[in-house]
Amino acid sequence: MRYLPLTPADRQDMLQRIGVSSIDQLFTDVPEAARLDGPVGLPAHQTELQVERALSKLAGENTAASSVPFFVGAGAYKHHVPATVDHLIQRSEFLTAYTPYQPEISQGTLQTLFEFQTQVALMTGMDVANASMYDGSTACAEAVLMAARVTRRKKAVLAGSLHPHYAETTRTSAKYLDIDIASTDPDLGGLSGISEAIDDETACVVIQTPDVFGRLHDLSDISEKAHAHGALVIAVFTEPVSLGLVKSPGEMGADIAVGEGQGIGVGLNFGGPYVGLFACKNDRNFIRNMPGRLAGETVDADGRRGYVLTLSTREQHIRRDKATSNICTNSGLCALAFTIHMTLLGEKGLTTLAQLNHETACDLADRLSGIEGVELLTDTFFNEFALRLNKPAADVVDALVDKGVLGGVPASRLYPGGGLDDVLIVAATETNSDDDLAAFETALREVLS
């Protein structure tokens with residue numbers, strides 16, 4: 001039996017049926033810059049041993065996050081994950097568990113999802129949380145779609161300091177539902193232009209705190225302005241550890257809180273898989289319009305506690321035209337890792353961890369801002385801040401690598417052509433020792449001299 005049974009004639013019949021003349025036409029929505037212009041530059045045929053050697057050689061050219069002082073953030077953060085987390089999530093009951101269609105035989109999975117939801121709701125200051133999303137960016141996009149459904153409006157206002165990957169994901173999702181996305185310019189100093197952009201047609205306002213440049217924001221005044229116009233406030237975060245120390249979205253008047261949970265229990269993993277967090281106020285209309293699924297607690301006929309899928313607004317369970325989202329499942333294993341780490345920390349442990357992060361970042365900011373040619377741009381931050389350098393930040397990062405330091409993310413990588421070539425975004429966590437801070441300070445001083 002051939003591995004690819006379709007003949008050229010079969011393929012042509014399929015293309016004709018869907019109304020295109022070639023396979024290339026199926027990729028018209030993919031930007032030209034993202035498409036390959038030829039075959040991947042790899043040998044066509046190699047033995048398994050040869051492939052292992054080639055890939056090992058390629059991997060050896062990388063500078064691993066664990067091998068040098070590491071200060072990269074901008075949406076993904078290096079935190080210490082206790083060995084207990086990996087040990088537990090690799091138990092076969094968790095590692096091989098499929099989506100819990102039948103609650104009577106999925107009690108363990110449903111209970112962990114229920115615990116996860118409880119933790120997320122408490123951390124965000126919200127009433128209800130779902131069983132997770134794919135990642136923070138898709139959670140942000142789903143929140144905007146939810147706000148459009150709830151308010152029956154078609155305009156969303158995005159703060160310019162929202163992580164650009166989150167903003168782009170939101171634009172992509174909103175494009176096909178005719179939702180107008182208004183965005184202010186990238187703002188290193190605050191939230192200028194946001195209040196002025198809110199009107200009676202606005203469905204929601206999306207603000208990240210700490211934002212992509214690390215700056216903390218109090219959303220209270222903007223929440224009041226948005227609510228006066230009937231708009232919802234969506235609070236976004238990329239660093240969940242910050243919720244152990246700063247005011248929660250719920251306390252600042254947000255209606256929906258979304259973000260990335262990777263910083264708790266989940267390693268960097270080359271960019272994924274991650275776990276999106278999604279929570280909102282206890283409003284019937286909100287809950288019925290939440291994406292994904294919601295695990296609930298109940299009792300059986302004998303009065304014993306049990307768990308069920310209380311809400312599962314997805315195509316497999318209800319009519320497609322009634323589904324609130326096309327998310328097929330939840331990030332179950334990563335959500336479990338998050339829950340185990342949070343359980344190990346507890347409320348006091350999370351606060352202590354957050355304090356360690358903030359103190360380390362403050363120490364690093366003091367060290368680096370004392371170097372000639374460095375200006376600290378972020379005056380209020382958690383564990384991440386922006387610096388203005390006297391040289392292009394991308395060149396400085398490359399030079400720091402040569403000195404054995406991974407020294408942050410150039411803002412130009414996130415905003416190409418945005419006039420931020422001299423801005424460097426730096427993150428510090430509890431994993432950075434005093435020696436790491438000293439190495440960064442010394443290396444940066446040498447590079448800028």
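By contact I mean heavy atoms within 4.5 Å. I am working on a predicted model throughout.

**Entry 1: alanine 394**

I started at alanine 394, which I found in helix 12 (residues 393-402). Leaving aside neighbours within four places in sequence, I listed Pro410, Ser412 and Asp421 as the contacts of alanine 394. I then checked the backbone: the C-alpha atoms of alanine 394 and aspartate 421 are separated by 7.4 Å, with these positions 27 residues apart along the chain. Is alanine 394 buried or exposed? Its relative accessible area is 31%, so I noted alanine 394 as partly exposed.

**Entry 2: the four-strand sheet**

Pro410 led me on to a sheet. I looked up what proline 410 faces, and it stands opposite leucine 424 in strand 13. Strand 12 and strand 13 (residues 423-427) pair in the antiparallel sense, over two bridges. The sheet itself is open, with four strands in the order 10-11-13-12 and antiparallel pairing. I marked strand 10 (374-376) and strand 12 (409-410) as its edge strands, each pairing on one side only. Which helix lies across this sheet's strands 10, 11 and 13? I found helix 11 (residues 332-369) there, running at about 5 degrees to strand 11 (384-389).

**Entry 3: the cores**

Next I went to the largest nonpolar core, which has 45 residues; Ile194, Ile207 and Phe338 touch the most other members. Helix 3 (83-89), helix 5 (107-124), strand 4, helix 9, strand 5 (232-237), strand 7 (276-280) and helix 11 are the elements that give it two or more residues. Helix 11 turned up again with the largest share of this core, 10 residues. I picked phenylalanine 338 for a closer look: beyond four places in sequence, its contacts are Phe116, Gln119, Val120, Met123, Gly261, Ile264, Gly265 and Leu277. There is also a second, separate core, of 34 residues, and among its members I noted Val144, Met146, Leu158 and Phe278. A reminder to myself: nonpolar side chains tend to be buried together in soluble globular proteins.

**Entry 4: the seven-strand sheet**

I traced an open sheet of seven strands, in the order 1-7-6-5-4-2-3, and its pairing is mixed. Strand 1 (128-129) and strand 3 (180-183) are the edge strands here, each pairing on one side only. I checked one pair inside it: strand 5 and strand 6 (residues 256-260) are parallel, over four bridges. Valine 236 stands opposite valine 258 of strand 6. Helix 9 lies across strand 4 and strand 5, and I wrote down an angle of about 145 degrees to strand 5.

**Entry 5: threonine 209**

Where does threonine 209 sit? I found it in the loop between strand 4 (202-208) and helix 9 (220-228). Threonine 209 has 11% relative accessibility, which is under the 20% limit, so I counted it as buried. Beyond four places in sequence, I noted contacts of threonine 209 with Arg215, Leu216, His217, Leu219, Val236, Phe237 and Met252. For His217 I also looked at polar atoms: one from the side chain of threonine 209 lies 2.9 Å from the backbone nitrogen of histidine 217.

**Entry 6: a hairpin**

Last, I visited strand 8 (residues 293-299) and strand 9 (residues 305-312), which run antiparallel and are joined by seven bridges. Valine 299 has arginine 305 as its bridge partner in strand 9. In this hairpin, with five residues between the strands, I noted that glycine 303 takes a positive phi near 80 degrees.

Conventions. Residues numbered from 1 in each chain as written. Predicted model: local features only at pLDDT ≥ 70, side-chain atom pairs only at ≥ 80, totals over all residues. Heavy atoms only, no water. Buried < 20%, exposed > 50% of the residue type's maximum accessible area, 1.4 Å probe, protein only. Polar contact = N/O pair within 3.5 Å; in protein donor to acceptor, adjacent residues only side chain to side chain. Pairing = 2+ DSSP bridges. Axes fitted to C-alpha atoms, helices over the stretch in contact; angles between N-to-C directions. Core = buried A, V, L, I, M, F, W, Y, C linked by side-chain atoms within 4.5 Å.
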